[in-house]
Every structure is written in C-alpha cells, then in structure tokens.
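Please open the model in your viewer and keep the selection tool at hand. The tour below goes from one selection to the next and says what is there at each stop.

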Amino acid sequence: MPEQNFFLPQLTDDGSFTFFSDEFGETFHSQSGAIQEAEAKFVQPLQLTQQAEKPKLQLLDICYGLGYNTAAALKAIWQINPYCQVEIFALELDATVPAAAFAYELMNNWPEPIPQILSQLVSQRQIQTENLKATLLIGDARSTIQQLPPRWQADAIFLDPFSPPNCPQLWTVEFLGKVAKHLKPEGKLATYSCSAAVRSALNAAGLKIGATTPVGRRSPGTLASESAKDLPPLSQQEQEHLQTRAAVPYRDPNLCDRADIILHRRHLEQQTSSLEPTSHWKKRWLLT
C-alpha cells in the first residue's frame with residue numbers, strides 16, 4: 001500500500017466501499033451504498049441506458065472522487081450499446097483519491113475493461129480507445145472547468161461535490177453558470193442535493209429544475225436542464241422552499257474565494273433578504 005495514501009476504505013450497506021475526507025469532514029458516499037448511489041443518483045435520473053442508443057455520448061463528471069460515477073455510467077452505457085463512443089471530462093481536486101481507490105482494489109467491482117481503462121486514466125490523466133476518449137483534470141474545479149474546450153457540451157453532467165455547507169465553492173451562481181454553458185440544450189445535469197440555495201443557483205444559471213427519487217435518505221436529489229420537458233416536477237413544499245431565505249444562493253464573483261468568505265457573504269445576504277424566513281416555511285410544513 002502506498003505510504004502517501006491516507007484514505008481508509010469504509011464499508012457501505014451495499015457491500016461497496018467509500019472513503020472519509022478529513023478536509024471536508026464527510027464520506028464520499030452515503031452509508032446506504034456507494035455504488036448504489038452512483039447508479040441511483042446519477043445513472044438512472046440521467047437515463048443513460050436510454051441515451052446509450054445514441055452512437056456518441058459526452059459526459060462531464062464534476063468531482064470524480066473514487067471514480068464510481070464514471071464507472072457506473074460506462075457500465076450502463078456499454079451494457080446497452082458496446083459500440084457507443086463516450087467522451088468524458090472529469091474534474092477532481094485531489095489526485096490521491098482515485099489513486100487510493102485503485103491501491104485498495106476498490107475498482108475491481110466493475111466489469112472489464114472498466115477497471116483497466118480507468119486505471120490508465122488516473123495514472124496518465126487521459127486515455128483514448130476505440131470507444132472512449134477521457135480526460136482527468138486535477139485541481140480546483142473552478143479553474144479546471146475553464147480548461148474545457150469552449151464549445152464542448154455534455155449530454156449528461158454529474159455534479160457531485162461535498163455538501164454546500166462544507167464545500168460552497170462548487171455550488172455558487174458563478175461556478176454553476178460555467179457548468180451550465182457545457183450542457184447541451186437537450187442535456188441534463190444531476191446532483192444529489194436538494195438545497196434551495198443550489199436549486200436557485202441552477203435557476204440563475206438558466207436551468208429548469210426537477211426532483212429525483214430519494215436514495216439513502218428522505219430528501220430527493222435534483223435534475224436540471226434548459227427545458228422543463230421530462231423533468232419530474234417539484235412538490236408544492238419544494239416550490240415554497242425556493243421562496244424562503246434558504247434559497248439565497250452562494251456567490252463567488254471571481255471564482256477564487258475561500259469557503260468561509262463565501263459562507264459569510266451568503267449569511268449577510270440572508271440577513272437583508274426580503275424572502276420569507278425559512279423557519280416560517282418549516283413550521284407551515286411541520287418540519288420543526
């Protein structure tokens with residue numbers, strides 16, 4: 001085992017493993033199941049098995065982590081259409097995370113040739129085969145998102161940072177605005193978060209939003225697209241949540257502020273907001 005690898009595998013309920021991040025104070029996946037999460041929160045809402053019927057698909061994986069979301073996507077697509085040509089851009093802050101996944105042989109749960117392909121992607125940062133062209137960009141996603149080809153757009157985007165209170169940098173109006181520019185008009189973005197602040201930021205980026213089925217917790221995720229067509233509607237409770245101070249979004253005007261600055265900026269904006277106090281909404285929906 002490499003000495004620089006400080007991640008320890010943690011078993012989740014579906015038998016797959018995840019890591020705990022000391023930096024962000026969270027595990028990379030929910031306890032209900034790391035692989036289940038990749039499939040149920042990203043692959044299924046983005047309808048990748050249906051999309052696989054196309055001859056070519058372009059994917060953007062934001063916060064690549066252990067690599068499960070990309071692996072689950074490739075498995076789903078190639079099971080339906082082994083000849084589908086997939087192009088992926090993956091953004092990851094810490095190169096030691098996907099390296100540790102291979103060091104602990106956590107990628108062995110995926111069918112060949114996925115482990116072999118992603119091993120090369122992690123070690124060489126890019127790979128090109130007959131049916132895959134993939135690039136792994138290491139660094140702050142606020143910078144690496146700007147390294148994508150300007151006109152390149154994805155059929156599906158996985159938005160999978162740590163939670164907004166712990167990683168507000170990747171949930172801001174400005175960052176999600178950059179992300180939205182890389183989504184095809186008919187494409188969809190999926191994230192596990194149902195935060196009102198995140199949803200309002202997606203709206204500010206020009207995207208319509210819908211809810212996805214809860215996985216491993218009571219709250220749903222979010223699906224976003226330029227068009228509301230085929231988006232599962234928000235409940236009345238969710239719609240009202242977007243009219244409260246919880247919906248004041250995170251802002252990072254120059255895409256370079258520390259987390260504490262972004263959090264403080266939002267706190268000040270919430271204090272002066274004319275929106276309904278979130279506590280009133282919670283009381284109305286018996287959530288207190």
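Which residues does Ser273 touch, not counting residues up to four places away in sequence? Select Ser273 and then add Arg245 and Val248, since these are the residues that Ser273 touches once residues up to four places away in sequence are left out. Please bear in mind at this and every later stop that you are looking at a predicted model. Ser273 belongs to the loop between helix H10 (259-271) and helix H11 (278-284), and Ser273 counts as buried because its relative accessibility is 14%, where buried means under 20%.

Next comes the sheet. Select its eight strands, which form an open sheet with mixed pairing, and follow them in the order E7-E8-E6-E5-E9-E10-E12-E11. At the edges stand strand E7 (126-128) and strand E11 (208-212), and each has a single partner strand, so one side of each is left without a neighbour in the sheet. If you look from strand to strand, neighbouring strands of this sheet are turned by 15° against each other on average, with direction ignored.

Stay at the edge formed by E11 and add strand E12 (residues 221-225), which pairs with E11 in the antiparallel sense over five bridges. Within this pair, pick out Ala211, which stands opposite Thr222 in E12. Now add helix H8 (residues 196-204), which lies across strand E10 (183-191), E11 and E12 and runs at about 145° to E11.

For the following stop, select helix H4 (residues 96-103) together with helix H5 (residues 114-124), which pack at an angle of about 140° with their axes 10 Å apart. H4 and H5 are therefore oblique to each other, and their crossing is left-handed. To see where they meet, show the side chains of Pro98, Ala99 and Phe102 of H4 and of Pro115, Leu118, Ser119 and Val122 of H5, which make the contact. Of the residues in this contact of H4 with H5, six are nonpolar and one is polar, while none is charged.

The last stop is a glycine. Select Gly139, whose place is in the loop between strand E8 (132-138) and helix H6 (141-144). Leaving aside residues up to four places away in sequence, Gly139 touches Glu92, Leu93 and Thr144. Finally, add His29 and draw a line from C-alpha to C-alpha: Gly139 and His29 are 110 residues apart in sequence and 20 Å apart in space.

Technical notes
Residues numbered from 1 in each chain as written. Predicted model: local features only at pLDDT ≥ 70, side-chain atom pairs only at ≥ 80, totals over all residues. Heavy atoms only, no water. Pairing = 2+ DSSP bridges. Helix = DSSP H or I, 4+ residues; strand = E, 2+ residues; numbered from the N terminus. Axes fitted to C-alpha atoms, helices over the stretch in contact; angles between N-to-C directions. Contact = heavy atoms within 4.5 Å. Parallel < 35°, antiparallel > 145°, perpendicular 65-115°, else oblique. Left-handed = near helix turned anticlockwise from the far one by under 90°. Nonpolar A, V, L, I, M, F, W, Y, C, P; charged D, E, K, R; others polar. Buried < 20%, exposed > 50% of the residue type's maximum accessible area, 1.4 Å probe, protein only.
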